[in-house]
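Load the model in your viewer and keep the selection panel handy. We will go from stop to stop, with something to select at each one.

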Amino acid sequence: MEKRVTAIWAGIDAGKTHHHCVVIDDTGKRLLSRRVANDESELFKLIADVLALGDEAVWGIDLADGGAALVIAVLLNHDQQLLYIPGRAVNRASEGYRGDGKTDAKDAAVIADQARIRRDLTPLRPGDELVSELKVLTRHRRDLSDDRTRTINRLRGHLTEIFPGLERELDLGNIGPLVLLTGYQTPAAIRRTGRRRLATWLRNRKVRSADELAAKAFQAAEGQHTAVPGEDMTAHVVHSLTREVMALNEKLAETDKLIEGRFRRHRNAEVITSMPGIGVLLGAEFLAATGGNMGAFASADRLASFAGVSPVPRDSGKVSGNLHRPTRYSRRLQRVFYTSALISIRCCDESRRFYDRKRAEGKRHSQAVMALARRRVNVLWALLRDGRCYDPIPPVTLAA
């Protein structure tokens, strides 16, 4: 009968349809190596077989969502200790292990061994349902926004081919120019309609500043009397792309309502949005990136490091104080703090004074904004720790 060990470490190299699991003991000896389907019943069998090998199991995995979502949920539902090891860290660690080849089994073994020897890995815990929904919604919104940007760029490209003067005049981020393009795409069509009739057509469709928009379009049409080859088909494509952009705008608006509804229900929503420059969307991104739990960040410095707004040293030999931007951080969270810092410069006197002081010290614009973002991390972390809203004049602590 095989001797049962006390502590074991299981590494999972996660995939879309299958995972590979390797289990090792405290000496690094492999006790199990198995490819398992991304299926609930198969995962239950894997957990049972792994737990039969030791009294205490620590699991490591290289994905925190996506194809690993099911196995993570199954492990956490079984009260298993689960550590997250980024894929980039696994790739770098693999260079220190014997063999140049790369296989799922080797990656899983590296993950297990890293879980065994490292003490700085992030534990994965059962997530708040609201935060989980915000993660899904904010990721979906980002996809929709990217799709809209790509569609607008294609729309501008086609419109430039047949009517460059109109393309220069229109701001396709607004609804009015999009409504115009659903009915008129060529100079000849606008000239035939005339400025007054065009303005009336726009007003009937609830377009703001219809007279001004019609005047710009008619002036652009008067400046081009040449028909470009393929104009009719290109105009058809412009009309189709315009409809796509408007549909994406509607989907974004619907998603924003869903995000706001869930964000407002979070216990820290009021505290987060009390910070100047942070609204519902950035607040939702913050919760999605951090999990909404400051217990995972022992200090503001830890949060700043995770957000990538704290420089890291690159000293060597006699060179010291050589600070650089970090390479491993949450891009999503950095965007939250950097964007909110930019907004706060315009709406918050305290932020504006801090920014101006950094600029006076000789820092570039981006450096001054990043310094402000770093300071705001300290403030938000303290507010969430104390459960109080932002106040430009901090409360005075009376001496005993």
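**First stop: a lysine**

Select Lys358: with a relative accessible area of 16%, Lys358 is buried, where buried means under 20% relative accessible area, exposed over 50% and partly exposed in between (1.4 Å probe, protein chains only). Lys358 sits in helix 16, residues 349-360; helices (H or I, at least four residues) and strands (E, at least two) are DSSP runs, numbered from the N terminus. Show the contacts of Lys358, leaving aside neighbours within four places in sequence, and you will find Lys363, Ala368 and Ala371; contact means heavy atoms within 4.5 Å.

A word on what you have open: this is a predicted model, in which local features need pLDDT of at least 70 and side-chain atom pairs count only at pLDDT 80 or more, while totals for chains, interfaces and linings use all residues. Residues are numbered from 1 along each chain as its sequence is written, and side-chain values use heavy atoms, with hydrogens and water left out.

**Strand 2 and Val22**

Now select Val22, which belongs to strand 2 (residues 18-24). Val22 counts as buried, at 0% relative accessibility. Which residues does Val22 touch, not counting those up to four places away in sequence? They are Trp9, Ala10, Gly11, Arg30, Leu32, Ser33, Ala105, Ala108, Ala109 and Ala112. For a sense of scale, draw a distance from the C-alpha atom of Val22 to that of Tyr184: the separation is 63 Å, for two residues 162 apart along the chain.

**Helices 2 and 3**

Select helix 3, residues 87-94, and colour its buried residues, Ala89, Val90, Ala93 and Ser94. Looking down the axis of helix 3, you see these buried residues within an arc of 135°, so they line one face of the helix; the arc is that of the directions from the helix axis to the C-beta atoms. A reminder while you look: an α-helix has 3.6 residues a turn, so residues three or four places apart point the same way. Add helix 4 (104-117) to the view, as helix 4 is included in what covers the buried residues of helix 3.

Step over to helix 2, where Val71, Ile72, Val74, Leu75 and Leu76 are buried. Helix 2 is followed by Asp79, with a positive phi near 60°. Asp79 lies in the loop between helix 2 and strand 5 (81-84), and at 72% relative accessibility Asp79 counts as exposed.

Another positive phi, about 65°, belongs to Lys206, which is not a glycine. Look for Lys206 in the loop between helix 9 (195-204) and helix 10 (210-222); its relative accessible area of 73% makes Lys206 exposed. For background, most residues other than glycine have a negative phi.

**The pocket and the cavity**

Turn on a surface and look for the largest pocket, which holds about 2,400 Å³ of space. On a 1 Å grid over the protein atoms alone, a pocket is an open set of points with protein on both sides within 12 Å along at least five of seven lines, a cavity is a set of points where a 1.4 Å probe fits but cannot get out, and lining residues have an atom within 4 Å of a point. Grid points are joined across faces, edges and corners, and a volume is the space filled by probe spheres set on the points.

To centre the view on the largest pocket, select Tyr84, Thr122, Leu124, Ala289 and Phe306, which lie nearest its centre among 50 lining residues. Which helix gives the largest share of this lining? Helix 5 does, with six residues. Elements that each supply at least two residues include helix 2, helix 3, strand 6 (122-124) and helix 13 (280-290). By class, the pocket lining has 23 nonpolar, 12 polar and 15 charged residues; Ala, Val, Leu, Ile, Met, Phe, Trp, Tyr, Cys and Pro count as nonpolar, Asp, Glu, Lys and Arg as charged, and the others, Gly among them, as polar.

The structure holds one cavity of 30 Å³ or more. Select Asn268, Ile272, Phe286, Leu287, Gly292, Met294 and Leu384 to see the lining of the largest cavity, which divides into five nonpolar, two polar and no charged residues.

**Last stop: the cysteines**

How many disulfides does the structure hold? Zero, with a disulfide taken as a pair of cysteine sulfur atoms within 2.5 Å. Cys348 is in no disulfide, and the nearest cysteine sulfur, in Cys347, is 6.2 Å away. Cys348 is buried, with a relative accessible area of 8%. Cys389 is partly exposed at 32%, and its sulfur is 15 Å from the closest cysteine sulfur, in Cys348, too far for a bond.
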